[in-house]
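Student: I would like a close look at a single part of this protein, with some care taken over how the strands are put together. Could you take me through it in one connected answer?

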Amino acid sequence: PTPLWAGDVTGRARVLHPSTRQLLQRFPVIDQPPSVLVNVNGLVVLPGDTEVLVAIQGGMLGVWNVKSGRLIRRFQSDGQKLTALSLSKDGARAISGGRDGQIAIWNVATGARLQLLCGHTGPVQALTITDDQETLVSAGWDGRLKSWEIYSPGSPVPNRSRCRHTDAAGGSHRTRRKLRSG
C-alpha cells in the first residue's frame, strides 16, 4: 500500500503506514531546531515514489529523497510565503501559490521558475492543472476561482521573472466566479 505523507509545524515530513498510521519515517525538511515552528504548507510525492516536493510557509520549496531525507534540489522562491502546492500529472511542473496572491510554475527537474502569474488579491488557497495540462485553476482567499493558460514544458515563456498581470478585459486569465465566503 502507498504510504501517507504529512508535514508538521516543526518543519518535518512524516511518512505513515496507510492502515495502521504507524510512523515509518520522519525527516526535517528545513534546518531549524524542533522548538522553532515552521509550517509545511504543501507536500506531494513525485512520480516513482523516491522523491517528495515540499513547500514551507516561510518561502522554501524543495525536493527531498524519501529514503535518506536529504535535500536534493532547492527552488529559488524569492522568499514568497507559500500557501498552496500542486503537481502536474506528468510530474514535470510544480505550481506554488503564495500569501501575496502570486502563482509560480516550476520545472521540477531543474528547480527553475517557468512562469509567474498574478491576479488574486489575497493568498492562494488551492491549485490544480486540468487533464489536458494546458490550464491551471486557482482558488484564492479573495473568493475568486481563476483559470490560467499555461505553457507546456519546452515551449517559449515570455518573461519568467516578472508577474504576468491580469486585467479587467480578461488578459491571461478568466475569473470563473466569485466564491461565497463565510
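Tutor: What follows begins with the chain as a whole, turns to one sheet, and then goes on to a hairpin and two loop residues.

The model is predicted, and the protein chain in it has zero helices and 15 strands. Of its 182 residues, 47% are buried, while the area that the chain exposes comes to about 9,600 Å², with carbon and sulfur atoms supplying 49% of that area. Among the contacts with a separation of 6 or more, 38% are between residues that lie 24 or more positions apart.

The part to look at closely is an open sheet of four strands, which run in the order 8-9-10-11 with antiparallel pairing. Strand 8, residues 82-87, and strand 11, residues 113-117, stand at the edges with a single partner strand each, and therefore one side of each of them has no neighbour in the sheet. From one strand to the next, the twist in this sheet averages 20°. Strand 8 is joined to strand 9, residues 93-98, by five bridges in the antiparallel sense, and within this pairing leucine 87 has alanine 94 of strand 9 as its bridge partner. When reading such a pairing, it helps to recall that side chains in a regular strand alternate between the two faces of the sheet.

Another pairing can be set beside this one: strand 13 and strand 14, the latter covering residues 144-149, are also antiparallel and are also connected over five bridges. Here leucine 136 stands opposite tryptophan 148 in strand 14. These two strands form a hairpin with three residues between them, and glycine 143, which belongs to the turn, has a positive phi of about 85°.

A positive phi is also found at residues that are not glycine. Glutamine 133 has a phi near 65°, and its place is in the loop between strand 12, residues 124-129, and strand 13, residues 135-140. With a relative accessibility of 15%, glutamine 133 counts as buried, because the cut-off for that class is under 20%. Arginine 21, likewise not a glycine, has a positive phi of about 65°, and this residue sits in the loop between strand 2, residues 12-16, and strand 3, residues 23-28. Since exposed means over 50%, arginine 21 falls in that class at 53% relative accessibility.

Notes:
Residues are numbered from 1 along each chain as its sequence is written. This is a predicted model: local features need pLDDT of at least 70, side-chain atom pairs count only at pLDDT 80 or more; totals for chains, interfaces and linings use all residues. Side-chain values use heavy atoms; hydrogens and water are left out. Buried means under 20% relative accessible area, exposed over 50%, partly exposed in between (1.4 Å probe, protein chains only). Contact means heavy atoms within 4.5 Å. Accessible areas come from the Shrake-Rupley method with a 1.4 Å probe; for residues, only the protein chains shown count as cover. Two strands pair if DSSP finds at least two bridges between them. Axes are lines fitted to C-alpha atoms, for helices over the stretch in contact, and angles run from 0 to 180 degrees between N-to-C directions.
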